Amino acid sequence: MTESTLPRVMLITGGSRGIGAATALKAAADGWDVCVNYTANTQAAEEVVAQCRAAGVSAMAIRADVAVESDVIEMFDESEAELGPLTCLVNNAGILHPMSRVEDMSVERLREVLDVNVLGAFICAREAVRRMSTNNGGTGGSIVNVSSAASYLGSPNEFIDYAATKGAVDTLTIGLAKEVATESIRVNGVRPGLIDTEIHASSGVPDRVDRLAPNVPMQRGGTADEVADLILYLASDASSYVTGSLVNISGGR
Ligand code: NAP
């Protein structure tokens, strides 16, 4: 068996829609077996799974809240039982609240975004390392964290809470990459700018991408497919000497 025909298994958190779904479809087209995680929209997740299977790979959907430790552990166990050992985690699940100034943010709101975007990313990364690290008997792999351009823009008057969670994701990427560098695990991050997905509806401005496109040097929003291409590159052996990198994909913003 050559390296490229070895089974490759990718678990994508928040894989039922947007950037996660585009990543699942491109991964399947590239021969990865795929586990699609979601929390609410079962139909969307099952549609992604059906399209992955149509590409000839094994695929499954698992409902799990990334902010709930027991959900995450069960998800990794179920994925491994059905698809075999994990070789890539795409830490993609993320949420956004309606635009607000910090002075108006409730503790409940802050806790929720921190729980999903930071705690969730940490728990999933932990479970991936426990399974993939050569120190633990694993065969290695890669982790791609989906951060945001918000981490360096700060998102004033919109969602500094969200931006700060992405700052934490960047730090997770930098630190974990160094921590597991000799354990055959690479850890990288992507920092998308304005990407045309449903997430903007949760900010209260569904047409946010069109509205802000004139502020982007390239004068347009990006697509989930464009981000997925970058994620696939960082997941694959094509990026074998890349770790601890935060790659902006934001049209120059
Ligand atoms: P999206 O279209 O809103 O999709 C979000 C996905 O995450 C859905 O599959 C959703 O599943 C899942 N999800 C939400 N909460 C979850 C939880 N607690 N546990 C597990 N899954 C959960 O979002 P997107 O725009 O593709 O964003 C994906 C990632 O890219 C996020 O981390 C986001 O912060 C980041 N990002 C997006 C943009 C952008 O402009 N779109 C820019 C920069 C960064 P259900 O529907 O089942 O809940």
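## Enclosed space

A cavity is a set of grid points where a 1.4 Å probe fits but cannot get out. In this predicted model, the count comes to 1 cavity of 30 Å³ or more. The largest cavity has a volume of about 60 Å³.

Its lining consists of Thr13, Val66, Asn91, Asn92, Ala93, Val116, Asn117, Gly120, Ala121, Val146, Lys166 and Val169. By residue class, this lining divides into 6 nonpolar, 5 polar and 1 charged. Helices H4 (107–132) and H6 each supply at least two of the lining residues, and H4 gives the most, with 4 residues.

## Ligand site

The ligand takes up the space of the largest pocket. Elements contributing two or more residues to the shell around the ligand are helix H1 (18–29), strand E2 (33–38), helix H6 (160–179) and helix H7 (199–202).

In total, 32 residues surround the ligand, and the closest are Ser16, Thr39, Ala40, Tyr162 and Thr197. The shell comprises 14 nonpolar, 14 polar and 4 charged residues.

## Polar contacts and coverage

Two oxygen contacts of the ligand may be described together. A polar side-chain atom of threonine 39 lies 2.6 Å from a ligand oxygen atom, and a polar backbone atom of isoleucine 195 is 2.8 Å from an oxygen atom of the ligand. For a nitrogen atom of the ligand, the partner is a backbone N or O atom of valine 66, at 3.1 Å. Of the 910 Å² of accessible area that the ligand has on its own, the protein covers 95%.

Valine 66 also appears in the lining of the largest cavity.

Key: Residues are numbered from 1 along each chain as its sequence is written. This is a predicted model: local features need pLDDT of at least 70, side-chain atom pairs count only at pLDDT 80 or more; totals for chains, interfaces and linings use all residues. Side-chain values use heavy atoms; hydrogens and water are left out. A residue is near a molecule or strand if one of its heavy atoms lies within 4 Å of it. A polar contact is a pair of N or O atoms within 3.5 Å; within protein, one must be able to donate a hydrogen and the other to accept it, and residues adjacent in sequence count only if both atoms are side-chain atoms. Accessible areas come from the Shrake-Rupley method with a 1.4 Å probe; for residues, only the protein chains shown count as cover. On a 1 Å grid over the protein atoms alone, a cavity is a set of points where a 1.4 Å probe fits but cannot get out, and a pocket is an open set with protein on both sides within 12 Å along at least five of seven lines; lining residues have an atom within 4 Å of a point. A molecule sits in a cavity or pocket if more than half of its atoms lie within 2 Å of its grid points. Ala, Val, Leu, Ile, Met, Phe, Trp, Tyr, Cys and Pro count as nonpolar, Asp, Glu, Lys and Arg as charged, and the others, Gly among them, as polar. Grid points are joined across faces, edges and corners, and a volume is the space filled by probe spheres set on the points.
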